[in-house]
Amino acid sequence: MFSYKQKDTVTAMRPAFIRAMFYFFCLATCAKKISGQTRKDERIYPENFTFILDRLLDGYDNRLRPGFAGSVTEVKTDIYVTSFGPVSDVDMEYTMDVFFRQTWVDQRLMYEGPIEILRLNNLMVTKVWTPDTFFRNGKRSVAHNMTAPNKLFRIMKNGTILYTMRLTISAECPMKLVDFPMDGHSCPLKFGSYAYPITEMIYTWTKGPKHSVEVPLESSSLVQYDLIGQTVSSETIKSITGEYVVMTVFFHLKRKMGYFMIQTYIPCIMTVILSQVSFWINKESVPARTVFGITTVLTMTTLSISARHSLPKVSYATAMDWFIAVCFAFVFSALIEFAAVNYFTNAQIERTKKKQAKCPQASKTTPLMVKDTEEVLQQNPDTNGNLRKRMNYICQESSSKLKVQSNTNISGPGGARTLQPLASGDNNRSYTLFYSSPKSESLLSLASSSAQLVKSTPQGAASTTEIMAGTPCKQNACSSSLQHLLAPKLERIQVKGNKLEHKQTPCSQPTTAGMGETSKIDKYARILFPVSFGAFNMVYWVVYLSKDTTVAKGG
């Protein structure tokens with residue numbers, strides 16, 4: 001009986017349980033539909049977002065940083081470079097266009113809503129707190145405002161804020177130009193908080209040190225440099241107002257040499273070679289070698305001035321300055337070398353002239369003394385009688401034709417002869433006979449003595465005395481006849497005397513000795529200058545091209 005009643009009770013409870021489950025399912029379905037409809041209404045109507053923003057800014061004070069009087073505010077940053085360059089060596093600065101991104105958490109801006117991110121325009125930026133970031137080594141920074149301020153501002157549900165700006169930054173780049181133009185530089189970009197010390201705000205890299213700064217290959221617009229990489233670092237700087245965190249990005253640059261090779265190095269090398277061409281020009285060509293020297297010196301001066309236009313006025317010498325200075329020294333030395341050659345050549349000529357001046361001057365008429373007419377007459381003993389007769393006859397015949405002169409120039413077979421009385425007396429007379437041959441002229445001194453003539457030829461004493469002591473006309477006529485008869489003998493004697501005199505005198509050298517010959521200085525310069533310049537170039541290029549001039553900073 002009892003089991004029957006219990007069975008009826010269980011049977012009666014089943015329909016009720018089923019109905020309850022059915023009602024609960026319907027209620028859940030209705031609630032889900034109502035919730036979906038509500039969310040759909042929220043997406044459709046923007047008034048809901050206005051309500052959220054108004055609620056976020058209600059009581060918000062943008063003068064206070066997040067976590068004021070509490071935790072330190074952490075600002076995460078990263079940089080995307082859209083354009084890098086140009087780099088100015090004269091001003092020691094560089095320019096780049098970047099997207100500068102900052103991220104921090106402000107719990108006052110947490111919200112509950114249907115979307116995860118609120119994407120807002122730049123008007124919202126002025127209503128909330130933003131970091132006071134500034135660029136410590138920046139000279140000029142421009143925030144782009146065309147056509148509207150280029151700023152991006154986003155708020156997430158957990159209070160994280162993303163703030164991005166497009167900036168054009170001109171920053172200082174300290175350069176050490178000792179190795180110019182084979183140099184490399186690390187241009188820094190330093191930024192940090194202007195007012196908040198390390199106890200209130202710190203900076204970190206969003207993606208870590210290696211990936212927080214992006215520089216695409218197409219963003220580089222450099223002409224004289226190659227951007228070979230970038231590194232980042234952070235440091236703490238102490239000042240009178242506290243300690244501040246400074247974030248630094250180093251952009252590593254390597255200079256290209258093509259421009260300077262074409263504009264400076266090759267012209268300098270060619271100018272030095274041109275100056276050394278003058279060593280092969282004859283030393284007597286003074287105008288040509290002078291033009292070579294002065295032109296190359298002026299060319300080197302012009303190249304030196306033009307090379308300095310693209311550099312700041314630094315107080316030390318660069319690698320290019322050393323090269324130009326050495327080239328200038330070679331060119332100037334070539335000019336000095338010619339001056340030395342010209343000086344020693346002129347000194348040699350002067351020494352030769354002085355040596356010639358110390359020796360007896362070779363006159364046009366060299367006297368050849370004959371002691372006595374008898375010596376000549378004795379050379380023809382068989383014809384002495386005929387000779388005197390002919391002389392007397394000619395004297396008498398020509399006395400009526402010749403004019404009286406103290407000095408008479410007559411023409412003979414060998415040239416012009418001049419007979420001048422050296423001394424006169426009653427019985428002794430001497431005459432000097434100048435005789436000119438085709439090679440040279442010699443002076444014949446004829447000293448005749450009436451006593452000697454009487455001794456040798458007593459029969460012809462009167463006639464001989466008449467010839468030697470008679471009137472000037474007769475004397476000239478007789479001497480002319482004597483010269484005509486004795487010319488062959490006298491010429492042979494004169495030639496023998498000239499040969500002997502030529503052999504004995506040391507003054508027969510020409511005054512133009514050494515002219516036309518190559519100077520020893522030129523011979524040495526033709527070898528020494530090219531070898532020295534080649535050795536200098538080898539050492540110069542090996543040292544500077546193998547030197548790592550890029551300064552690696554950061555980490």
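I will go through the strands, the core, the cysteines and the helix packing of this structure. Keep in mind throughout that the model is predicted.

I start with strand E2, residues 93-105. Of its 13 residues, ten are buried, so E2 is largely enclosed by the rest of the structure. What pairs with E2? Strand E1, residues 73-88, runs antiparallel to E2 and is joined to it by ten bridges. Strand E7, residues 160-172, also pairs with E2 in the antiparallel sense, here over 13 bridges.

To find these pairings on the screen, use one residue pair for each. For E1 and E2, look at Ser88, whose bridge partner in E2 is Glu93. The hairpin of E1 and E2 has four residues between the strands, and in this hairpin Met92 takes a positive phi near 55 degrees. For E2 and E7, look at Val105, whose bridge partner in E7 is Thr160.

Next, the open sheet. It has four strands in the order E4-E8-E12-E11, and the pairing is antiparallel. Which strands lie at its edges? They are E4, residues 133-135, and E11, residues 225-239, each of which pairs on one side only. As for the twist, neighbouring strands of this sheet are turned against each other by 20 degrees on average, with direction ignored.

I will walk across this sheet from E4. E4 and E8 are paired in the antiparallel sense by three bridges, and Phe135 stands opposite Phe191 in E8. Moving on, E8 and E12 pair over nine bridges, again in the antiparallel sense. There, Gly184 has Lys254 in E12 as its bridge partner. The last step is from E12, residues 242-255, to E11, an antiparallel pair joined by 14 bridges. A residue pair to look for is Val232, which stands opposite Val249 in E12.

How enclosed is E8? Nine of its ten residues are buried, so E8 is largely enclosed by the rest of the structure.

Now the core. In soluble globular proteins, nonpolar side chains tend to be buried together. In this model, the largest nonpolar core has 77 residues. Those with the most contacts inside the core are Ile79, Phe84, Tyr94, Leu189, Phe251 and Tyr265. Which element gives the most to this core? That is helix H5, residues 319-358, with eight residues.

On to the cysteines. How many disulfides does the structure hold? There is one. The disulfide joins Cys173 to Cys187, with an S to S distance of 2.0 Å. The link between Cys173 and Cys187 is left-handed, with -70 degrees about the S-S bond. Cys173 sits in the loop between E7 and E8, while Cys187 is in strand E8 itself; the two are 14 residues apart, and the pair links distant parts of the chain.

Are the two ends of the disulfide buried or exposed? Cys173 counts as buried, at 0% relative accessibility. Cys187 is likewise buried, at 0% relative accessibility.

There is another cysteine pair to discuss, Cys268 and Cys327. Why is there no bond between Cys268 and Cys327? For Cys268, the closest cysteine sulfur is that of Cys327, 5.0 Å away, which is too far for a bond. Taken from the other end, the closest cysteine sulfur to that of Cys327 is in Cys268, at 5.0 Å, again too far for a bond. The cut-off behind this is that a disulfide needs the sulfur atoms within 2.5 Å. Cys268 is buried, with a relative accessible area of 0%, and Cys327 counts as buried at 0% relative accessibility.

Last, the helices. Two packed helices are described by the angle between their axes and the distance between the axes. Helix H3, residues 258-276, and H5 have axes that come within 8 Å and cross at roughly 20 degrees. That makes H3 roughly parallel to H5. Their crossing is left-handed.

How does H4 pack against H5? Helix H4, residues 286-307, packs with H5 at an angle of about 165 degrees, the axes being 10 Å apart. H4 and H5 are therefore roughly antiparallel to each other. H4 also passes H5 in a left-handed crossing.

To sum up, E2 pairs with E7 over 13 bridges, the open sheet has four strands, and H5 gives the most to the largest nonpolar core. The single disulfide is Cys173 to Cys187.

Conventions. Residues are numbered from 1 along each chain as its sequence is written. This is a predicted model: local features need pLDDT of at least 70, side-chain atom pairs count only at pLDDT 80 or more; totals for chains, interfaces and linings use all residues. Side-chain values use heavy atoms; hydrogens and water are left out. Buried means under 20% relative accessible area, exposed over 50%, partly exposed in between (1.4 Å probe, protein chains only). Two strands pair if DSSP finds at least two bridges between them. A nonpolar core is a set of buried Ala, Val, Leu, Ile, Met, Phe, Trp, Tyr and Cys residues joined through side-chain atoms within 4.5 Å. Axes are lines fitted to C-alpha atoms, for helices over the stretch in contact, and angles run from 0 to 180 degrees between N-to-C directions. Angles under 35 degrees count as roughly parallel, over 145 as roughly antiparallel, 65 to 115 as roughly perpendicular and the rest as oblique. A crossing is left-handed if the near helix is turned anticlockwise from the far one by less than a right angle, and right-handed if clockwise.
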